[in-house]
Amino acid sequence: MKGQRNDRVDSEYRKEISSVIAGALKNKEPELKGIISVTAADVAPDFKTAKIYISILAKTKEEEERSFSVIAENAGFIRHELSLVMRTRTVPQLTFVRDSSMEYGSKMDALFSGLHEHKDD
């Protein structure tokens, strides 16, 4: 069970990683495309590891895949940038995970609107 302190730490990491991706990483890697959201961060209590959940909305599936791979390849860079702004003794090893919940929600919205249209007939 996670405590209130861990929730605050997760939230702070989510906010700072989002800032690094939108700023320093986007400047460093011009092929980073689409709207990138850090949907969640799950930092281990010992601060050794963290799972970062990323959602990407791009024009094409290829742009999404490329943007995610750029983020994953630059995990060390993002960790270094975090070490400059976070006031923790250690910065965890970052593992990026695709979060497809927004994609799933969009698909469900389309299904529900389709049901609604058929109901009106």
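I take helices and strands from DSSP runs, numbered from the N terminus. The model I am reading is predicted.

**Entry 1: Phe47**

With the strands assigned that way, I looked up Phe47 and found it in the loop between β1 and β2. I then checked its backbone: phi of Phe47 is near 60 degrees, a positive value in a residue other than glycine. I note for context that most residues other than glycine have a negative phi. Is Phe47 buried or exposed? The relative accessibility of Phe47 is 14%. The cut-off for buried is under 20%, so Phe47 counts as buried.

**Entry 2: helix α1 on its own**

I looked up the extent of α1 next. Helix α1 covers residues 4-28, 25 residues in all. I get 35 Å from its first C-alpha to its last, close to the 36 Å expected at 1.5 Å a residue. Where is the kink in α1 centred? I find it centred on Ile21, with a bend of about 35 degrees.

I also listed the buried residues of α1: Asn6, Val9, Asp10, Tyr13, Glu16, Ile17, Val20, Ile21 and Leu25. Ile21, the centre of the kink, is thus on the buried list too. An α-helix has 3.6 residues a turn, so residues three or four places apart point the same way.

**Entry 3: what α1 packs against**

Which elements do the buried residues of α1 pack against? I noted three strands by name, β1 (35-43), β2 (49-57) and β3 (93-98), and the helices α2 (61-73) and α3 (75-85).

I followed up the pair α1 and α3. Their axes come within 10 Å and cross at roughly 120 degrees. I therefore log α1 and α3 as oblique to each other. The crossing in which α1 passes α3 is right-handed. On the α1 side, the contact is made by Tyr13, Glu16, Ile17, Val20, Ile21, Ala24, Leu25 and Lys28. On the α3 side, I have Phe77, Ile78, Glu81, Leu82 and Val85.

**Entry 4: Ser67 and Thr60**

I looked up Ser67, which lies in helix α2. Its relative accessible area is 0%, so I enter Ser67 as buried. Leaving aside neighbours within four places in sequence, I find Ser67 in contact with Glu31, Leu32, Lys33 and Ile56.

Thr60 I found in the loop between β2 and α2. With a relative accessible area of 33%, Thr60 is partly exposed. I also checked Thr60 against Gly34, 26 residues apart along the chain, and their C-alpha atoms are separated by 9.1 Å.

Terms used: Residues are numbered from 1 along each chain as its sequence is written. This is a predicted model: local features need pLDDT of at least 70, side-chain atom pairs count only at pLDDT 80 or more; totals for chains, interfaces and linings use all residues. Side-chain values use heavy atoms; hydrogens and water are left out. Helices (H or I, at least four residues) and strands (E, at least two) are DSSP runs, numbered from the N terminus. The expected span of a helix is 1.5 Å times one less than its number of residues. The bend at a residue is the angle between axes fitted to the seven residues ending there and the seven starting there. Buried means under 20% relative accessible area, exposed over 50%, partly exposed in between (1.4 Å probe, protein chains only). Contact means heavy atoms within 4.5 Å. Axes are lines fitted to C-alpha atoms, for helices over the stretch in contact, and angles run from 0 to 180 degrees between N-to-C directions. Angles under 35 degrees count as roughly parallel, over 145 as roughly antiparallel, 65 to 115 as roughly perpendicular and the rest as oblique. A crossing is left-handed if the near helix is turned anticlockwise from the far one by less than a right angle, and right-handed if clockwise.
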